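Please open the model in your viewer and keep the sequence panel beside it. The stops below are given in an order that lets each selection build on the previous one.

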Number of protein chains: 2
Amino acid sequence: MPTHIVKESKVDVLIIGAGPAGHMAATWFARTGVNARIIDKRSASQFVGQADGLQSRTLEIFQSFGFADRAIKESNHMLEICFWQPGEDASKGIERSGRIPDSTIGLSRFQQAVIHQGRVEGWMRDSWRKWSDNSLVLERPVQATELVIDTSIPASDIESYPVTVTVEHLKDEQAVAEQFGSKVSNGLFRQFGGDGDKNAKGETEIIHAKYVVGTDGAHSWVRRNLGISMVGESTDYIWGVLDGIPVTDFPDIRCRCAIHSAEHGSIMVIPREHNMIRLYIQLQKTPQASDSSSGRIDRSKITPELILENANKILFPYTIDMVDIKWFTAYQIGQRVATEFQKNGRVFLAGDATHTHSPKAGQGMNISMADTYNLAWKIAHIVKGVADPAILDTYESERKTIAQNLIDFDAKLSKLFSGRPAVPGIETPGVDLAEFHKVFEKGNEFASGTTVDYDGSILIDKATNELTETKRRYDEDNITTNPLATNCPIGRRLDTAQVVVQSDSKPVELADVCLSDGRWRVLYFAGDIKSNASLKNFMVKFGEYLEASDNFVKKYTPATASLYSVIDILLVHASSRTACEWNDFPSAFRPRDHKGRMDYLKIYADDTSYHQGHGHAYKKYGIDTSFGALLVVRPDGYLAKVEPLNQDGINSIEEFFAKFMIPQKVSLSNHEPIILEREEKEWYGSESYARRIFLE
Amino acid sequence: MPTHIVKESKVDVLIIGAGPAGHMAATWFARTGVNARIIDKRSASQFVGQADGLQSRTLEIFQSFGFADRAIKESNHMLEICFWQPGEDASKGIERSGRIPDSTIGLSRFQQAVIHQGRVEGWMRDSWRKWSDNSLVLERPVQATELVIDTSIPASDIESYPVTVTVEHLKDEQAVAEQFGSKVSNGLFRQFGGDGDKNAKGETEIIHAKYVVGTDGAHSWVRRNLGISMVGESTDYIWGVLDGIPVTDFPDIRCRCAIHSAEHGSIMVIPREHNMIRLYIQLQKTPQASDSSSGRIDRSKITPELILENANKILFPYTIDMVDIKWFTAYQIGQRVATEFQKNGRVFLAGDATHTHSPKAGQGMNISMADTYNLAWKIAHIVKGVADPAILDTYESERKTIAQNLIDFDAKLSKLFSGRPAVPGIETPGVDLAEFHKVFEKGNEFASGTTVDYDGSILIDKATNELTETKRRYDEDNITTNPLATNCPIGRRLDTAQVVVQSDSKPVELADVCLSDGRWRVLYFAGDIKSNASLKNFMVKFGEYLEASDNFVKKYTPATASLYSVIDILLVHASSRTACEWNDFPSAFRPRDHKGRMDYLKIYADDTSYHQGHGHAYKKYGIDTSFGALLVVRPDGYLAKVEPLNQDGINSIEEFFAKFMIPQKVSLSNHEPIILEREEKEWYGSESYARRIFLE
């Protein structure tokens, strides 16, 4: 008699591990309608501590999913960095040596914000619920115990389920992790013990998946299961971290502060939400300083009292106490990167499973989410049958470079931050604080996430650079631009600019009409069509091209999907909005659906608005209003290609898509799209176009 | 044997009727911690149709409660008005004759938005839930059947419950109202029949209340019960209204359009959320045109087809059809105002119960919410024992004027809108369309709600004007300003301006640190304290005054409340932020609570920000940086008083508050404030100050 019932099931994508990286993957899959599941072996969410920094690019991504407003509303906005160091007379303690903006000016419309990881995950779960009609839920505690890839199934077979994962559905009490204090063995809200334990008691399920995303943290079970190792610096820095509400006379406590004392070490102050602050103190420079033979110190000696005692020494002549200590812990993390980010093009690693580093640049949660933001839309494309699995190769090539950049940056900053400063009266050679400030300031650009620059590939049409040390350096400017759009580096995320909606005069950010909905976008900068006959002629010609049955839009759009639901076209002209009449634009840019309902959000003017000024988009992008340009933008917002407004440009875009998109059997023009009942009920215009393909 | 159990209960405030006005009252009561209940006899919320316009001032109010972002995110932003009229050759149909911004430029940071009433009510309910810890719920269907005021209890007795309301808790099926189409007898989603029916079957409850707010609509049972009548124009205009998604070649369908045809009447287009539009068509000019002997026409003849047929005649040469008709109805509403807005200072009427008018200026929901936004904080002050009941007299004096202004505006606009235009080729005298445009444009200023100007009273320190026709006219500029703040009319809402937070450099709108939390605010514009010794001296002196035990802040603050929880002080200086050191500001502006936790949000600089430019607040307010000013702002954001930075100014503010505030028995300085467990758990700095008094 069977005493243990084993379920079996199939899913397109299984996400193992529900930290920020797993949550971001699930958000993308829900948004694009992919059949996905997400499991985590812990029974509860984060409620204190852990990661807290949201960088500019992360907020841009949140905005593209529609929940940046929650981040902006709930988080603390960290705007200024103050540097403090010993004064001329070191015995008098520290003094302020400079102030800089925390987010480099002009890089993004969003600035760095701080809030605890649990809230961030909560926003993403709310987003899944909405987009998946409550069908995607975080399943926990569920523990994976076995993972096998059937390597006989080729990458091109997208109907089979080559990955078999055995999981145990645990009882809650089996999966409680310690969240507070020094009892936590590695300072992270880690996976509880028993990883991969085949004897775990629970209901067993065998899940057959097309793809698996392993986002199960620094001690990733998936990574170990795949036999992938972490390589990098062996130096493990140890950090004491304390969250609480301060009682202090230190004047800059609501700014981010990098404080070097003459003899007592360094501290970083992070002003947080709810009037909390976080203090980071580096407690040991190297494991050699520890008296433990294992190279790891005894973390149980680290207490809130010890951290505060150190803080008071560093802050002298100021004092600090804490009421309401919310969290404290000690981290000991090396700077390491995984040797591989995937296996067989079927199982992918992301987040802390692929990179570990110190927390103080506020990068961990951001880079982790950026990993799966890069990965999940590619998987969605393949599962939906619109692109070739070859595009998955770009995941490792794009993200491993970033991980290495992160480690390099972190190592450099840690060294400068933790070193004893070179100040008068101290004889030993010290850290040059001016250099520290410079690295910090430059590092902020990297830290913002907005300067990430993907190399040439099947998805980025520029020359491919070899992955050299020089290329990898985070502070190296090595950008590729096209003369038609001189301020738009190819391979970087296309920045936003304000334009006005032709149909209703509303000022909108271009990024807000290029949402993360799974679509490619061709931004057609039509130029000054009212005063330039050749630009107007091209508009007519391009409109005719888009109306014809064989073009790069319709070729890759399934018969079940609406026009522009795979590749969207937005027209941005540089003439006066009121000088242009709506009915004079080619009908390709004023499309109607099968019921005759028109999309009024495809045409924009680079013109002044009634209440919010002029966006000067052409100027911002470096596009000449006499020439215009065609910008091809990936579903994740990265600029893939820039082409001129002529037949060659159109041809080149055709060739680009032909390399990886899969021609659909029946063109849209022959079929009425399938409209879902729910879509009919809540018709959102162009919004519904985006979802339709993914809801077939 | 009793077959019908009668409950009895007590409540500080009972709200009868849960439309927008009732919802706004409940929002205020929840925010200020007043023991309130809200009942409605309908069993369901609005889900289609009805009011849809949100004016600038309404969005400012939403922002002050923390949910404007939801309005901005979910609504359609209506930015441009297009005027259309017959061209030179009227046989060729209409042509565009002009465009203007829909919201007058510079009046507010928010512009008019459109969304259906049900969503608006939903945001307010979410807000109650949050602020009342889920204790305030909309009780429905609950029908009031009897209301008696015990007139023997004086206004000054705030311990007794002089209003007795008998209510029946109905079953859902007893309370279903028709929401769609011409079967609705008055076009409104009205109270179902059986108003005040003492035979209504249900559980009976006798509620004893200190105050009752009657917000039960145009056919108010509370109003009739009090014997208060509506007076005004007898002419009832009839409007056909249709919501749906258009199929049209009319180019301005996503703009607000006022369209006069030569012979077929007028139409207003309102572009709405979800690509819907609303069409307003005036179907009859006067009831005399009807063949009904009652003076009311047969509304059953009005169908969507009829409305669309008329629309096509008016829009010629363009055509319009509708798919997905969401709602249609016909309104027949006179322009009338209630003779009284309250009874015995215990029962107050607000919203449609006090004013009815045509819908097309998008005013109804806004003025209704503004009524209870004016009323509820005053009741809260009295119930909490911090102010004298005499302040309630200002409700009728302030809001009845606005109601009359609204009626005047509506009558004027209706006449111009519905009249046949004076155009070449038409012999009969017609409406001068140029005048129509002018009235429309000027009317938009009134419609925005930002120019509402309350007369002198116990709560507004300016000379009192007699309520003349001239004064009442909506388009009359009749403002009172003080030379110290030349752009701040006394009696109007104080507009916002961007300043930067001294402690963390964040740019904030002043309005966003002057939230609707029940507090008075003294905005202390300290001037350029770094370069002007006398301004610096006053700052020190004012700081000492605020530290002393007998001042206008502490005198009115209950012992159970935190400092600044009744009257808040914010300092805005005009020096460079970085030139000022935090610890140099007087400690009154850097207050600590009983645990030593500091409030870092009381000091602001009128200075440039890192990412969002300079707010130029002093310039915007017309305040000289060499003089500064003290601005006293009511809990609802209206400017009550402007005084100079000297002892006379302080004395005058003392005298102002002495007229209506109730001195508290024990001063705060002798007592540690009572801190609630929940407040301790979620300490929000100055945020918690605001709530503490109301959570005693």
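## A strand and its two partners

Begin with Phe525(B), which stands opposite Ala629(B) in strand 27 of chain B. The model is a predicted one, and what follows should be read with that in mind.

Now select strand 24 of chain B, residues 520–527, and strand 27, residues 629–633, which run antiparallel and are joined by five bridges. Next add strand 25 of chain B, residues 567–573, which runs parallel to strand 24 and is joined to it by seven bridges. For a starting point on that side, pick Trp520(B), whose bridge partner in strand 25 of chain B is Ile567(B). If you then follow the chain from strand 24 of chain B to strand 25, you pass through helix 11, residues 533–547, in a β-α-β crossover that is right-handed.

Is strand 24 of chain B enclosed on one face or on both? Colour Trp520(B), Val522(B), Tyr524(B) and Ala526(B) for one side, and Arg521(B), Leu523(B), Phe525(B) and Gly527(B) for the other: the residues of both sets are buried, and both faces are thus covered. Because eight of its eight residues are buried, strand 24 of chain B is largely enclosed by the rest of the structure.

## Where the chains meet

Show both chains and select the contact between them, to which chain B gives 54 residues and chain A gives 54 residues. Between them, chain B and chain A bury about 4,700 Å², of which 48% is on carbon and sulfur atoms. On the chain B side, select Tyr600(B), Tyr610(B) and His611(B), which lose the most area to chain A and together make up 15% of what that side buries.

For the polar part, the count between chain B and chain A is six salt bridges, and there are 18 residue pairs in polar contact, both residues being at pLDDT 80 or more. A salt bridge to display is that between the side chains of Arg577(A) and Glu80(B), with N to O at 2.7 Å. Elements of chain B that each supply at least two residues to the side touching chain A include helix 3 (68–74), strand 6 (94–101), strand 13 (237–248) and strand 17 (320–333).

## A covered helix in chain A

Move to helix 2 of chain A, residues 56–65, which is mostly covered, with 10 of its 10 residues buried. Among the buried residues are Arg57(A), Glu60(A) and Gln63(A), as well as Leu59(A), Ile61(A) and Phe62(A). To see what covers them, add surrounding elements of chain A, including helix 1 (20–32), helix 4 (117–131) and helix 7 (364–383). Just after helix 2 of chain A, stop at Gly66(A), which takes a positive phi of about 95°.

From the covering elements, go to helix 1 of chain A and pick Thr32(A), which is buried, with a relative accessible area of 1%. The side chain of Thr32(A) reaches the backbone oxygen of Trp28(A) at 2.7 Å.

## Backbone details

Most residues other than glycine have a negative phi, and most peptide bonds are trans. The next stops depart from one or the other of these patterns.

In chain A, select Arg140(A) and Pro141(A), which are joined by a cis peptide bond with omega of about -5°; Pro141(A) lies in the loop between strand 8 (138–139) and strand 9 (142–149). Continue into strand 9 of chain A, which is mostly covered, six of its eight residues being buried, and which is joined by seven bridges to strand 10, residues 163–169, running antiparallel. Gln143(A) has Glu168(A) as its bridge partner in strand 10 of chain A.

The peptide bond from Phe316(A) to Pro317(A) is also cis, with omega near 20°, and Pro317(A) is found in the loop between helix 6 (304–315) and strand 17 (320–333) of chain A.

Return to chain B for Ser505(B), which is not a glycine but has a positive phi of about 75°. Ser505(B) sits in the loop between strand 22 (498–501) and strand 23 (507–509) of chain B. Finish at His616(B), in the loop between strand 26 (603–605) and helix 12 (617–621) of chain B, where phi is near 45°, again a positive value in a residue other than glycine. How do the two sites compare in exposure: which is buried and which is partly exposed? Ser505(B) is buried, with a relative accessible area of 3%, whereas His616(B) is partly exposed, at 43%.

Terms used: Residues numbered from 1 in each chain as written. Chains lettered and ligands numbered in written order. Predicted model: local features only at pLDDT ≥ 70, side-chain atom pairs only at ≥ 80, totals over all residues. Heavy atoms only, no water. Buried < 20%, exposed > 50% of the residue type's maximum accessible area, 1.4 Å probe, protein only. Helix = DSSP H or I, 4+ residues; strand = E, 2+ residues; numbered from the N terminus. Pairing = 2+ DSSP bridges. Right-handed = clockwise from strand over helix to strand, strands pointing away. Contact = heavy atoms within 4.5 Å. Buried area = accessible area lost by both parts, 1.4 Å probe. Salt bridge = Lys/Arg side-chain N within 4 Å of Asp/Glu carboxyl O. Polar contact = N/O pair within 3.5 Å; in protein donor to acceptor, adjacent residues only side chain to side chain.
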